[in-house]
Amino acid sequence: MFDLALADYFAWLRSFFEYVSERETSIMLRESQYVMPWVFVLHVISMCMFAGTILMMDLRLLGVGNMATPFSQVQRRLFPWQMAAMFFSAATGLALVWGNPMNYVTNIIFWVKMLAMGIAGLNALAFHFITEYTLVDWDAGETPPFGAKLAGGLSILLWANVIVAGRLIPYALTWFRTY
Amino acid sequence: MYEYFAAIANWGPSKAINESSWIFALVQAFHLVSLGFLAGSLLMVDLRLLGRGFSQQPLATVARDARPWLLGSLVAMVLTGVPQFISLATKEYDSPYFRWKMLMLLIALIFTFTIRKRVAYAPEGRFGGGIGKVVALVSIGLWTSVAINGRLIGFFS
């Protein structure tokens, strides 16, 4: 039992990525000269829209930005843009992985990014289901409570982590040895 | 002109960035984080101009709130952009996308700190809603083209 390598626990994941890489659509994406660069471009543009609207909400939660507007208004007004941008980021991101799955399956920085995204999602849910119930007490106030500041601060750190890790994915090949 | 770019690329700090295995990567990564803040601070005002939110606050108030983040993220963009440029100066010289990016950046900056600023800080009702919408769309278009050309530098040069 103890001679199993970590990779063995993820054999199913690897075989799924292999399955994807053999799909005709995956091969088409991989072999196209111009499609992938433009998907990268669209991924960056949707990231701007997503990170931009998320970060502006987080600054309000932290109590350091956009203070003239009550939090509930910042949240409500940005929400549709955040969701639309999340959809486009996810769609373009999925296309990038779909076209080159074997580049990502053994890439530790890619998985750090995925993990950070997951935790950022949990952070948002925790805020929604716990701290947001106290909203009436501090909505327009200058100093949000600790729970709100924590959610905003964590969100900024986690999404910055997602962006940084995303940009560093190609460097995993030179920084870490992959087997 | 090329000699100046070559001189920049041969400068000690430029070479040091090139020889390091991580400085360029981290600078690039934080260029993107700054881009997130920049996009957000621009969108707060542009969405308000488009009539897509924050209509209960005066436009100038929304703009004043966004201002420190706009200026701060622009400074961060320059601080993380210059090291990338100096280390690749001779490549950037040949890149049409770099030239487009710099041109669009110049136009976007001038537009943002003249026309857009004037409209954003004008007394309520001074400019019609139609003008605000055009200004917002031009702002989004200009800054998007800066980002698109920026990303393309890395692919085709």
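A contact here means heavy atoms within 4.5 Å. Keep that in mind for the exercises below, which work through a predicted model.

**Exercise 1. Work out what share of the contacts in chain A, with a separation of 6 or more, comes from residues 24 or more positions apart, and do the same for chain B.**

Step 1: Start with the elements. Chain A has ten helices and zero strands, and chain B has seven helices and zero strands.

Step 2: Now go to the contacts. In chain A, residues 24 or more positions apart make up 78% of the contacts with a separation of 6 or more. For chain B, that share comes to 77%.

Step 3: Add the outlines. The C-alpha atoms of chain A take up a box of roughly 55 × 45 × 25 Å along the principal axes, while the C-alpha trace of chain B spans about 55 × 25 × 25 Å.

**Exercise 2. Describe how much of each chain is buried and what its accessible surface is made of.**

Step 1: Take the buried share. Of the 179 residues in chain A, 44% are buried; of the 157 residues in chain B, 48% are.

Step 2: Turn to the surface. Chain A exposes about 10200 Å², with 72% of that supplied by carbon and sulfur atoms. Chain B exposes about 7900 Å², and here carbon and sulfur atoms supply 68%.

Step 3: Count the charges. You'll find 10 positive and 11 negative side chains in chain A, with the centres of the two sets 6 Å apart. Chain B carries 14 positive and 7 negative side chains, and those centres lie 10 Å apart.

**Exercise 3. Find the salt bridges and say where their partners sit.**

Step 1: Get the total. Over all chains, the structure holds two salt bridges.

Step 2: Look at chain A. R14(A) pairs with E18(A), and their closest N and O atoms are 3.5 Å apart. Both residues belong to helix α2 (residues 11-21) of chain A, four residues apart, or about one turn of the helix. R14(A) counts as partly exposed because its relative accessibility is 36%, and E18(A) counts as partly exposed at 31%.

Step 3: Look at chain B. R116(B) and D46(B) meet in a salt bridge at 3.0 Å, N to O. R116(B) is in helix α6 (residues 96-120) and D46(B) in helix α3 (residues 23-49) of chain B, so the pair ties together parts that are 70 residues apart in sequence.

Step 4: Check the burial, where the cut-off is under 20% relative accessible area. R116(B) has 5% relative accessibility, so R116(B) counts as buried. D46(B) is buried too, at 1%.

**Exercise 4. Decide whether S46(A) and Y133(A) are buried or exposed, and give their surroundings.**

Step 1: Place S46(A). This serine is in helix α4 (residues 35-62) of chain A. S46(A) counts as buried because its relative accessibility is 6%.

Step 2: List what S46(A) touches. Leaving out residues up to four places away in sequence, the partners are A85(A), F88(A), S89(A) and T92(A).

Step 3: Place Y133(A). This tyrosine sits in the loop between α7 (108-129) and α8 (135-138) of chain A. The cut-off for exposed is over 50%, and Y133(A) has 64% relative accessibility, so Y133(A) counts as exposed.

Step 4: See who joins Y133(A) on the surface. L122(A), L125(A), F129(A), I130(A) and Y133(A) form a nonpolar patch with about 620 Å² of accessible area together.

Note on methods: Residues numbered from 1 in each chain as written. Chains lettered and ligands numbered in written order. Predicted model: local features only at pLDDT ≥ 70, side-chain atom pairs only at ≥ 80, totals over all residues. Heavy atoms only, no water. Patch = residues over 30% accessible without salt bridge, like charges linked within 9 Å, V, L, I, M, F, W, Y side chains within 5 Å. Areas by Shrake-Rupley, 256 points an atom, 1.4 Å probe, with all protein chains shown as cover. Salt bridge = Lys/Arg side-chain N within 4 Å of Asp/Glu carboxyl O. Helix = DSSP H or I, 4+ residues; strand = E, 2+ residues; numbered from the N terminus. Buried < 20%, exposed > 50% of the residue type's maximum accessible area, 1.4 Å probe, protein only. Lys, Arg positive; Asp, Glu negative; His and termini not counted. Charge placed at Lys NZ, Arg CZ, Asp CG, Glu CD.
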